[in-house]
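Have the sequence and the 3D view open side by side for this one. We'll pick a spot on the chain, see what sits around it, and work outwards from there.

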Amino acid sequence: TIPSRTAIAPQFNLHTALIALRCWWHLASPLGLLFALAAAGVVYSVKVDTFTASAWVWIKERPPYLLPGAQADDPHKFVNNQIELLRSPPLLEPLVGDPAIASTPELAVEIDPVQYLRSKLRIRALGQSDYFEIAFTSRSAEKAALLVNRVAHDYVALQQKQQNKSN
């Protein structure tokens, strides 16, 4: 008769593992430390530092309306329109045309930097307030800060320009 596999396969038990650890610790410990240091070295050498910059803007729930046709009775829709305006090509195209912004490492290699910026620019509400955070992550801290500050500045300038037109 042929013995079954379950009868041949050794079963793991804690006592055997403790005996192996007691016999081989002097070899296993330095090897484990060596492999851990090698893994840490690989991770350190491959890792790319990134920096996230953010700016805050205040988006009111009511006029001045920057988008024609925005409904006066739906403040939530107005706020969503303003968030999309922050990501819109009319606001972002002049930014990527500026050499200081265009030299941002992530934008410099993109075929369509406006589309890349639209997808990577994060805009989120801060709690239940009227404040919103604009954030961008880059390998260059200075470029990330410059970019989000310019987006916030250009948005506020557009808001003020529209308000001056309506007055």
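Let's start at Thr50, which touches Thr137, Ser138 and Arg139, leaving aside residues up to four places away in sequence. Keep in mind as you look that this is a predicted model. Thr50 sits in the loop between helix 2 and strand 1. Its C-alpha atom is 7.0 Å from that of Ser140, although the two residues are 90 residues apart along the chain.

Now zoom out. The protein has eight helices and three strands, and from the N terminus on the elements run α-α-β-α-α-α-α-α-β-β-α. Contacts across the sequence show up here too: among contacts with a separation of 6 or more, 61% are between residues 24 or more positions apart. Of the 167 residues, 27% count as buried. The accessible surface comes to about 11,600 Å², and carbon and sulfur atoms account for 62% of that.

Next, the aromatic rings. How many aromatic pairs does a search of the whole structure find? The search turns up one. The partners are Trp56 and Tyr131, in a tilted arrangement with 6.0 Å centre to centre and 45° between the planes. Trp56 belongs to strand 1 (residues 51–58) and Tyr131 to strand 3 (residues 131–138), so the pair ties together parts that are 75 residues apart in sequence. Is Trp56 buried or exposed? With a relative accessible area of 57%, Trp56 is exposed, while Tyr131 is partly exposed at 40%.

Another Trp to look at is Trp24, in helix 2 (residues 14–46). Trp24 counts as exposed at 55% relative accessibility. Together with Leu27, Leu31, Leu34 and Phe35, Trp24 makes a nonpolar surface patch of about 560 Å².

For a helix with two distinct sides, go to helix 4 (residues 89–97), where Leu91, Leu92, Leu95 and Val96 are buried. These four cover an arc of only 115° around the axis, so they end up on the same side of helix 4. Pro90 and Gly97, on the other side of helix 4, are exposed. Some background helps here: an α-helix has 3.6 residues a turn, so residues three or four places apart point the same way.

That leaves the charged side chains. A search of the whole structure finds five salt bridges, and three of the pairings are worth a stop. One is Glu133 with Arg124, where the closest N and O atoms are 2.8 Å apart. Glu133 is buried, with a relative accessible area of 13%, whereas Arg124 is partly exposed at 48%.

Another is Arg87 with Glu84, whose closest N and O atoms are 3.3 Å apart. In this pair the Arg is the buried partner: Arg87 has a relative accessible area of 17%. Glu84 counts as partly exposed at 40%.

Finally, Arg150 bridges to Asp154, with 4.0 Å between the closest N and O atoms. Why are these two separated by about one helical turn? Because Arg150 and Asp154 are four residues apart in helix 8 (residues 141–166). Arg150 counts as partly exposed at 24% relative accessibility, and Asp154 counts as buried at 18%. Asp98 comes in here as well, since salt bridges that share partners join Asp98, Arg150 and Asp154 into one network.

Definitions and conventions:
Residues are numbered from 1 along each chain as its sequence is written. This is a predicted model: local features need pLDDT of at least 70, side-chain atom pairs count only at pLDDT 80 or more; totals for chains, interfaces and linings use all residues. Side-chain values use heavy atoms; hydrogens and water are left out. Rings of Phe, Tyr and Trp (its six-membered ring) pair if their centres lie within 6.5 Å; planes under 30 degrees apart count as stacked, over 60 as edge-to-face and the rest as tilted. Buried means under 20% relative accessible area, exposed over 50%, partly exposed in between (1.4 Å probe, protein chains only). Patches are made of residues with over 30% relative accessible area and no salt bridge: like charges are joined within 9 Å, nonpolar side chains (Val, Leu, Ile, Met, Phe, Trp, Tyr) within 5 Å. Accessible areas come from the Shrake-Rupley method with a 1.4 Å probe; for residues, only the protein chains shown count as cover. Contact means heavy atoms within 4.5 Å. The arc is that of the directions from the helix axis to the C-beta atoms.
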